[in-house]
Amino acid sequence: MSDETFYLTTPIYYVNATPHLGHAYTTILADTMARFQKLRLGTEQVYFLTGTDEHGDKIVQAAAQAGESPQAYVDRISGIFLETWARLGLAPNQFIRTTGEPHKRAVQRFLQQIYDAGDIYFGEYGGHYCFGCERFYTEKELEDGKCPDHQTTPTFIKEQNYFFRMGKYQEWLIDHIHRHPDFIRPERYRNEVLAFLREPLEDLCISRPAARLTWGIPLPFDDRYVTYVWFDALINYISALGWPDGDAFRRFWPAQHLIAKDILKPHAIYWPTMLKAAGLPPFRHLNVHGYWRIEEAKMSKSRGTVVRPLDLADKYGVDAFRYFVLREMTFGLDAGFSEDALVARLNADLANDLGNLYSRVLKLIRRYYGGTVTHASDNGELADAVHTAAAAVAAAMERFAYSEALAAIWSLISSTNKYLVTNEPWKSDPEDARTKEVLFTAAEILHATATLLWPFLPQTAERMLQGLGAPNSTASIHFHDIGSLLKGRQTGQWQVGEVPSLFPRIQATVAKPPAVEKKSAPAPEVTPEQITIEDFRRVDLRVAEVIEAEAIKGSKKLVKLRVKLNDEERTVVAGLKEHYPPESWAGKRIILVANLKPTSLMGITSQGMVLAAEDDGRIVLLAPEQPISSGSKVR
Ligand code: ME8
């Protein structure tokens with residue numbers, strides 16, 4: 001096992017609101033990265049932290065509005081965060097709360113240490129205070145005298161407070177950023193921070209008089225004051241590991257932090273200088289993502305209802321939701337969220353590309369070999385494609401480029417689809433050695449695909465592995481083994497059980513196709529010759545109503561139907577008795593090939609053919625989706 005450890009944090013979220021898409025997004029990114037690193041390094045080497053930020057004016061106000069005590073209020077909302085993460089299948093190692101005693105003790109110790117070192121001093125400060133942001137603004141930062149975030153006029157407050165000598169560490173920080181080019185990434189945020197650091201860095205006010213704000217942590221050296229926002233919140237990243245003496249701190253620090261651009265400055269400037277002042281090594285990387293713009297208005301217009309993004313996870317499934325947010329946003333940039341785009345991705349990428357490939361391969365293995373396909377040769381077909389995908393995923397995840405990593409996995413899925421279309425196992429003799437080889441290889445690649453997918457779509461990957469009879473694989477396979485799985489394999493077999501349907505297709509309810517990247521069409525189950533629209537028009541498909549049905553003596557399969565097409569009545573013989581007994585037909589509306597040359601079956605002339613769909617021996621009649629008169633033409 002590697003000695004390398006990976007410690008990943010999300011921001012701790014304010015409990016003045018319940019979790020929304022933005023909170024879910026960062027936590028999904030972190031969960032995915034933690035799972036990926038667990039595959040790469042081993043479960044024990046990875047630590048994933050999230051939690052809630054529970055002190056301050058805003059929380060007190062929100063509690064008052066809810067008619068609750070601050071403690072009851074933070075307990076309740078923090079509980080909702082915890083529950084939501086469980087609902088989304090997110091699995092942090094720890095959920096930290098800043099009202100917890102161990103955290104409070106660590107904050108006081110940290111403050112005392114910096115105070116003793118002489119980097120915290122008492123002074124007077126007058127400034128423009130925005131209650132919404134809980135911070136002072138300098139004249140320069142205001143826009144037309146207003147808070148740039150809230151567009152409200154701040155209150156001028158003059159009071160005595162404690163200050164952290166942040167300015168003292170400005171040169172050190174600039175130098176550190178230059179010497180570690182990916183300390184803050186992507187680059188645009190590093191540049192933003194460096195631009196900010198061109199101006200002199202002011203000292204940071206870190207306290208509030210307890211007379212004005214009681215819902216905070218008392219300063220250990222002056223209990224007339226409580227500490228203020230960032231000197232409480234940021235310290236969670238080390239208090240959670242039991243700093244200063246905890247084993248976990250020794251093992252896992254320094255961290256990789258994950259945040260959105262809204263809290264860049266406290267993380268890129270306050271936090272490293274605080275750590276420096278306390279004599280601690282800085283974090284490893286600050287990874288900064290963009291903002292979701294939520295197109296609620298658009299959603300409500302096209303669907304008649306406002307859909308809250310988190311509800312979409314319930315509506316379409318956790319993995320479809322995860323897939324959408326991970327695939328749709330380029331790390332570092334903003335992205336728009338819409339339900340239509342989610343449905344389009346679900347249908348194209350998940351139901352078509354992945355779901356069809358998986359069920360096609362597994363069903364053939366069941367149909368041909370009763371579920372067991374044995375290794376036929378070790379020519380390692382597509383092994384290079386698997387290697388390439390695994391390497392591309394690893395390289396992309398190193399940069400937090402989730403969308404790129406998924407694109408690499410989908411490129412492997414697409415190569416596998418092409419491999420099947422080229423080899424057409426559905427048309428070949430099951431006993432042919434080549435057929436076995438192709439299906440074995442396809443199962444092998446699906447196994448590797450499931451492992452690659454596990455960090456991103458854990459539930460789907462686990463179902464895929466279950467269907468392949470390899471349910472515990474993610475625990476035992478390390479990421480770097482994936483490519484080598486396929487090469488030089490001498491023995492092996494896949495035992496396919498029940499084939500789960502991974503993603504049902506969602507019927508689009510909007511007329512206009514959503515504006516998302518077009519995917520190449522997946523290979524159909526059987527690749528028929530292509531026809532033109534004129535060819536298709538030669539088939540006269542009609543809706544027909546069944547008047548009556550009777551069994552045909554001496555035939556196990558045939559049933560004789562009397563059907564109506566508008567004013568016309570016809571007799572049609574259908575081979576569907578085993579699936580639809582005679583008594584089940586009357587009143588049904590069906591689809592009929594109306595211009596089929598009449599044929600005689602068991603001495604009865606049949607004037608048409610009933611359409612039905614077949615899935616692995618199960619037959620289902622096709623019918624109009626809504627009532628429509630018999631004789632209507634199908635176009
Ligand atoms: O700032 N798009 O908490 P917070 C993407 N308690 N991500 C978003 C988002 C959006 N539209 N909106 C929010 C705080 N986020 C402090 C942090 S850390 C020591 C203290 C996510 O509840 C994103 O991760 O306002 C952002 O950084 C965070 O929520 C802010 O959460």
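Me: What makes up the packing partners of the buried residues of α5?

Reply: The buried residues of α5 pack against β7 (184–185), α6 (187–196) and α10 (264–277), where contact means heavy atoms within 4.5 Å. Helices are DSSP runs of H or I with at least four residues, strands are runs of E with at least two, and both are numbered from the N terminus. The model is predicted, and local features need pLDDT of at least 70, side-chain atom pairs pLDDT 80 or more, while totals for chains, interfaces and linings use all residues. Residues are numbered from 1 along each chain as its sequence is written, and side-chain values use heavy atoms, without hydrogens and water.

Me: Which residues of helix α5 are called buried?

Reply: In α5 (residues 170–179) these are Gln-170, Trp-172, Leu-173, Ile-174, His-176 and Ile-177. Buried means under 20% relative accessible area, exposed over 50% and partly exposed in between, with a 1.4 Å probe and protein chains only.

Me: Why is Phe-400 called buried or exposed?

Reply: Phe-400 has 1% relative accessibility and therefore counts as buried. Phe-400 lies in the loop between α15 (383–398) and α16 (402–423), and its phi is near 60°, a positive value in a residue other than glycine.

Me: Why does Asp-144 count as buried or exposed?

Reply: The relative accessibility of Asp-144 is 80%, so Asp-144 counts as exposed. Its phi, near 50°, is likewise positive in a residue other than glycine. Asp-144 belongs to the loop between β5 (135–137) and β6 (155–164).

Me: How do you know that the bond joining Trp-243 and Pro-244 is cis or trans?

Reply: Omega is about 5° at this peptide bond, which is cis. Pro-244 sits in the loop between α8 (236–239) and α9 (247–252). A cis peptide bond also joins Trp-253 and Pro-254, again with omega of about 5°.

Me: What makes the approach of Thr-26 to the ligand a polar contact?

Reply: A polar side-chain atom of Thr-26 lies 2.6 Å from an oxygen atom of the ligand. A polar contact is a pair of N or O atoms within 3.5 Å; within protein, one must be able to donate a hydrogen and the other to accept it, and residues adjacent in sequence count only if both atoms are side-chain atoms. The Thr-26 pair therefore qualifies. A backbone N or O atom of Ile-12 lies 2.8 Å from a nitrogen atom of the ligand, and one of Trp-292 lies 2.9 Å from a ligand nitrogen atom.
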